[in-house]
Amino acid sequence: MLLRDAVLLLLLNACHYKQTACLCLFFVLLQCWRLLPPSLINSLPCFSWATALWMLAASCCDRRMCVCPGPRRIAIPVRSSRLPLLSDAMPSPTQLLLPLIRNCEIGRIYNTACYCHHQHLCCLSPHLTHKHLRYVPQKKLATLCRPKENFSSFIHARNYVSTPQRFYLTPPQVNSILKANEYSFKVPEFDGKNVSSVLGFDSNQLPANAPIEDRRSAATCLQTRGMLLGVFDGHAGCACAQAVSERLFYYIAVSLLPHETLLEIENAVESGRALLPILQWHKHPNDYFSKEASKLYFNSLRTYWQELIDLNTGETTDVKEALINAFKRLDNDISLEAQVGDPNSFLNYLVLRVAFSGATACIAHVDGVDLHVANTGDSRAMLGVQEEDGSWSAVALSHDHNAQNESEIERLRSEHPKSEEKTVVKQDRLLGLLMPFRAFGDVKFKWSIDLQKRVVESGPDQLNDNEYTKFIPPNYHSPPYLTAEPEVIHHKLRPQDKFLILATDGLWETMHRQDVVRIVGEYLTGVHHQEPIAVGGYKVTLGQMHGLLTERRARVSSAYEDQNAATHLIRHAVGNNEFGTVDHDRLSKMLSLPEELARMYRDDITIIVVQFNSHVVGACQNEEF
């Protein structure tokens, strides 16, 4: 306990007053701590406090290229069932803590953390319990939330608890946050070529990272039939997710084009004529394109269609094959662009950021009754099916590519030598570091060590000075360990298939798939099936039960205030309480979390809800028979 108190108090004193002696003594203690055996560190009471400090300190790191703790980052995995030891968390603790202390950041973060835990915010999420944080907040720590005059005043104040001021967002403020990124599009029933099986779609995003690392895209194919929709979940920054969201649909559309159309487009480029439009984008104003890299991206795409022209076999393009080829080719281009570099310093740094960060992708191609879902990573596609009795069932059209999928673990082990069987997947992560087993970018898990060193050393100073890019994963013997090849599932739409939900893992971590489909189904149909209130073992008085029933009755009349199905789903994902109802106080608290803490309680959430036209689907189905 003495070591714990000394480290905490010295750190806080140093942050508030920049006392040189405290800083020196703190780092002496910290370096001594690192010399202890891992087994001893893990058994010390102060270990849990150190883990908490690492997690809180990491919130201020550069999220674009960092070795921050948290999901999909190099360090302590929040969502893992077991936290690694402190000695495994960072290559060098001083590289992270020194700039934070110099900027007085840890004091600010620690104050915020104490305040929020005193408000019992740690009880808000059933998915982030005390075991994830490795420490249990105590009431006596509330006094550490405010600066003290000197070291001794900390000790004398430990027995007193202050009452922080409580604050909540009003319903209009909550709605303003939830609806900031919502977008809806209604598809014309007849677009001049064919009758569409899609009525329209709703999409929305709620950030937890700053900036948000998720992206979304939706577009109509103009030279072929069909509609493309997708969600992209970035990690180690948003650069890769941004690039994939801009480029992947073009690669898919080109892969689907007939040979004659490809020739026409190439001839137009050579002669300087206007190109045929390939896609009609449906984007929210906040969904931007990188204009600086547009020429580079176009040249890579042109090289791809030129190769398709040369490899023409005269056979009809298969959608599944086209999706797989597009995914793999884009990932290859991302890697190649980073290796070649660019004379423009801005573009050179951009392509390197894209390659060293990563992104998962889950996209859907809808053409009549043919629905193809291509997934790389742990985002999901869920089909909402309405049964004859009016109830809803969820049908998964994708599989997670992570440690929860036994077939993925077997695939990885089969691709590497027998000697790596125990290291290729460690602590439910790829090489003990990365949660998704398939992703775009992430060249640190694809390139050889020599290639990584050569690119980093010849790259810009921003890249060469970044610890993440120079860090080599442990047990890295037979790359590549990661692939962007998607798993494609084909489904024939039926009249009972009412909608499709594409969402990043931020949604599926908070809600069960059956609840997600039920909430969207009831929203779209306006029919709310009342289930018996389940109290889940809680002792509920008659008055409390009356209050729950009253809330539910009021909710039925106001539940459909959202004009967007994705917004309605996010409201439930963030605001649901233990009884499965939206609690405004909980919703307000979760949306009020500062940037330093929001990511510890939830991930970015991106949702697209696609509604199908049952009449068109039924008619197409009858024509086939």
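On the side of helix α16 opposite its buried residues, E406 and S414 are exposed, where exposed means over 50% relative accessible area, buried under 20%, and partly exposed in between (1.4 Å probe, protein chains only). Helices (H or I, at least four residues) and strands (E, at least two) are DSSP runs numbered from the N terminus. This is a predicted model, in which local features need pLDDT of at least 70 and side-chain atom pairs count only at pLDDT 80 or more, while totals for chains, interfaces and linings use all residues. Residues are numbered from 1 along each chain as its sequence is written, and side-chain values use heavy atoms, with hydrogens and water left out.

The buried residues of α16, which spans residues 406-414, are E408, I409, R411 and L412. Because these residues cover an arc of only 160° around the axis, they lie on the same side of α16; the arc is that of the directions from the helix axis to the C-beta atoms. Among the elements that cover them are β10 (425-426) and β11 (429-430).

Helix α17 (residues 449-458) can be described in a similar manner, with L451, Q452, V455 and V456 buried. Their arc around the axis is only 125°, so they sit on the same side of α17, whereas the face turned away from that buried side carries the exposed residues D450, E457 and S458. In general, an α-helix has 3.6 residues a turn, so residues three or four places apart point the same way.

Strands β8 (residues 380-386) and β9 (residues 392-396) run antiparallel and are joined by five bridges, two strands being paired if DSSP finds at least two bridges between them. G384 has A394 of β9 as its bridge partner. The two strands form a hairpin with five residues between them, and G390 in the turn has a positive phi of about 90°.

Most residues other than glycine have a negative phi, and most peptide bonds are trans. The table lists two residues with a positive phi that are not glycines.

| Residue | Phi | Loop | Relative accessible area |
|---|---|---|---|
| A236 | about 60° | between β4 (227-235) and α11 (239-256) | 4%, buried |
| Q427 | near 55° | between β10 and β11 | 29%, partly exposed |

The peptide bond from A210 to P211 is cis, with omega near 0°, and P211 lies in the loop between β2 and β3. Another cis peptide bond joins P479 and P480, with omega about 0°; P480 belongs to the loop between α19 (467-470) and β13 (487-492).

E213 is also found in the loop between β2 (198-206) and β3 (214-221), and E213 counts as buried because its relative accessibility is 3%. Although E213 and I605 are 392 residues apart along the chain, their C-alpha atoms are separated by 9.6 Å.

Notes: Contact = heavy atoms within 4.5 Å.
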